[in-house]
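Q: Please take a close look at the surroundings of the ligands in this model, and explain them carefully for someone in the first year of study.

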Amino acid sequence: MQVQQNYPLQKYNTFGVQAYAKYFGAFNTIEDLLLLLKEYSKESTLILGGGSNILFTKNYDGLILKNEMKSIQTVHEDEDHIYVRAGAGENWHHFVMHCINNNFAGVENLSLIPGNIGASPMQNIGAYGVEIKDVFHSLEAFHLKEKKIVNFTLNDCEFGYRNSVFKKKDKDQFAILNVTYRLNKKPQYNISYGAIKEELEKMEAGELSIQAISQAVINIRTSKLPDPNIIGNAGSFFKNPEVPGHEFHELKRIHPNIVGYNLKDGGVKLAAAWLIEQCGWKGFRRGDAGCHEKQALVLVNYGNASGKQIYDLGKEIKQSVKEKFAVELENEVNII
Ligand code: FAD
Ligand code: EPU
C-alpha cells in the first residue's frame, strides 16, 4: 500500500503515453482505501482500473489509486439466474471466461473487452448488440468524500449508451468496489450483429453455444482492433453520434452511402468510423499519433506520441467531421 511520488504512468494506460502522477498507490481492501484517502485528503483523487479508456494529456496533480480488489463469487441463485459478484480490480475478460466456463450466459458477446470490472458500469461497456445494463444487478461504491459505502441498483445507475450516473452527476465521487451481475442459466443468444453470424459459419461451429459466440467475438475483435500491447490505443476514441431521423434522411440524400442504425426513439446512430474515413483520416499518421488503418474510430500511438498530440489529432478529426457533415463527435475516452 506504499504511495509513490512523481510516478510514471506509461505502463498504466493502454495508449502507452508518458505522464506522471504526483502520488500513486494501490488498494485491495476498503480499510486501505480509507487510510489513503485520510492521509491524502487534500489531494484530488482519480481511481484507475486497467487504463484502457483514458488519455493522459498532462501530468496528474493529485493521487491516483489503482483499484486491485479481486474476487469472483456466486452470491445467489434462482430458477433462471445466477448472481455473480466480482471485485472492481478483477480483469473483465477473466470474468467473462469464468462465466463461459461455468455456463453462465449473458456476457459472451462482451468477450475480450480490455479493462477491469470497476469501469464496466461506469462506461456501460458494450459490443455486438449487448451492454452491461443487460446483465447488471447492483454495485457497491465508496463515496470518496462522505466515506461511506453506497449500493446502486440498475435504476440508480442511469445507464445510457457508453454512459452512466458515474459520468454525469456522480462524476469523480465514487470508487466502485464490486459489481453483481445477473447471468442466465438458459442462454438467450444474441447474434443479430451480422459479423457474428458470418464468423460462426466460417468457424463451422455447429450448434449455437455461448462458447462458440465468445470465440466468434474474439476472432472478429482480434482481426479488426489493434492489440494495445503492440500499438497503443483505447478502443473507439469517439462515440457513434445519434441524430434525429429527419437529419439522417437529409444526410442520406447528400451522402447515399452513409452508415446508420435505427434507434427505438426514431433517431439514427451514425457509424463515426464511416464519417471519419470519408474525411480522409483512415491510416493518417503524424509523428507517432495516428488514425488506425483498419478502424478509423481508433486513434493510435505508434510509439512515442504524447497524450496532447493524440488529443489534438482527435480535435482536428472532430472539426473536419463537423465541417463535412455538420455532425458533432463526442469523445468516448476519458481525457485527463
Ligand atoms: P480505466 O481506463 O482505468 O478507467 C476509465 C474511467 O473509469 C476513468 O474515468 C476511471 O477514473 C474510471 N474508473 C475505473 N475504475 C473505476 C472504479 N473502480 N471506480 C470508479 N471509477 C473508476 N469499450 C466498450 O465499451 N466496448 C468495446 O468493444 C471496447 N473495445 C475496446 C478495445 C480496445 C482495444 C481497447 C483498448 C478499449 C476498448 N474499450 C471498449 C474501452 C475500454 O476497454 C472500456 O471502457 C473499459 O471498461 C475500461 O476499463 P478500465 O478498467 O481500463 O478503465
Ligand atoms: N466503418 C467504416 N470505416 C472503418 C470502420 C468501420 O466505414 O474504418 C463502418 C462500417 O460500415 C461498419 C460500421 O462503420 O459496418 C461500424 O463499424 P464496427 O462494426 O467496427 O463498429 P464501430 O461502430 O466502429 C462499435 C463500438 C465498439 C464495439 C463495436 C462492436 C462505439 C463507439 N464503438 O464500434 O466499441 O466493439 O461497435 O459492437 O460504440 C469501444 O467502445 O471502445 C469499442 C471498441
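A: A residue is counted as near a molecule if one of its heavy atoms lies within 4 Å of that molecule. With this cut-off in hand, and keeping in mind that the model is predicted, we can begin with ligand 2, which is surrounded by 24 residues, the closest being Y128, Y161, E277, Q295 and E332.

Some of the contacts with ligand 2 can be followed atom by atom. From the backbone of Y128, an N or O atom lies 2.7 Å from an oxygen atom of ligand 2, whereas K282 and E332 take part through their side chains: a polar side-chain atom of K282 is 2.8 Å from an oxygen atom of the ligand, and a polar side-chain atom of E332 is likewise 2.8 Å from an oxygen atom of ligand 2. On its own, ligand 2 has 830 Å² of accessible area, and the protein covers 81% of it. The elements that give two or more residues to this shell are α6 (210–224), β13 (232–236) and α8 (272–278), and α8 provides the largest share, three residues. Sorted by class, the shell around ligand 2 holds 12 nonpolar, four polar and eight charged residues. Where does ligand 2 lie with respect to domain 2 and domain 3? Because domain 2 (72–184) and domain 3 (232–335) both give residues to the shell, ligand 2 lies between them.

Ligand 1 can be described in a similar way. Its surroundings comprise 35 residues, of which I47, G49, S52, G126 and R221 are the closest. Here a backbone N or O atom of I47 lies 2.6 Å from an oxygen atom of ligand 1, while S52 places a polar side-chain atom 2.6 Å from an oxygen atom of the ligand, and N53 has a backbone N or O atom 2.8 Å from an oxygen atom of ligand 1. Taken alone, ligand 1 exposes 980 Å², and the protein buries 94% of that area. At least two residues of this shell come from each of β3 (45–48), α3 (119–123), β8 (126–127), β12 (174–184) and β13. Strand β13 is therefore a useful element to find in the picture, because it is listed for the shell around ligand 1 and also for the shell around ligand 2. By class, the shell around ligand 1 has 17 nonpolar, 15 polar and three charged residues.

One of the residues just named, S52, also gives a way to place a cysteine in the fold. C291 and S52 are 239 residues apart in sequence, yet they are 17 Å apart in space, measuring from C-alpha to C-alpha. C291 itself lies in strand β18, which spans residues 289–291. If a disulfide is taken as a pair of cysteine sulfur atoms within 2.5 Å, the count comes to zero disulfides. For C157, which is in no disulfide, the nearest cysteine sulfur belongs to C99 and is 18 Å away, and C157 is buried, with a relative accessible area of 0%. C291 is also in no disulfide, with the nearest cysteine sulfur, that of C279, 10 Å away, and C291 too is buried, with a relative accessible area of 0%.

Notes: Residues are numbered from 1 along each chain as its sequence is written. Chains are lettered from A and ligands numbered from 1 in the order in which they are written. This is a predicted model: local features need pLDDT of at least 70, side-chain atom pairs count only at pLDDT 80 or more; totals for chains, interfaces and linings use all residues. Side-chain values use heavy atoms; hydrogens and water are left out. A polar contact is a pair of N or O atoms within 3.5 Å; within protein, one must be able to donate a hydrogen and the other to accept it, and residues adjacent in sequence count only if both atoms are side-chain atoms. Accessible areas come from the Shrake-Rupley method with a 1.4 Å probe; for residues, only the protein chains shown count as cover. Helices (H or I, at least four residues) and strands (E, at least two) are DSSP runs, numbered from the N terminus. Ala, Val, Leu, Ile, Met, Phe, Trp, Tyr, Cys and Pro count as nonpolar, Asp, Glu, Lys and Arg as charged, and the others, Gly among them, as polar. Domain bounds come from an automatic or database domain assignment. Buried means under 20% relative accessible area, exposed over 50%, partly exposed in between (1.4 Å probe, protein chains only).
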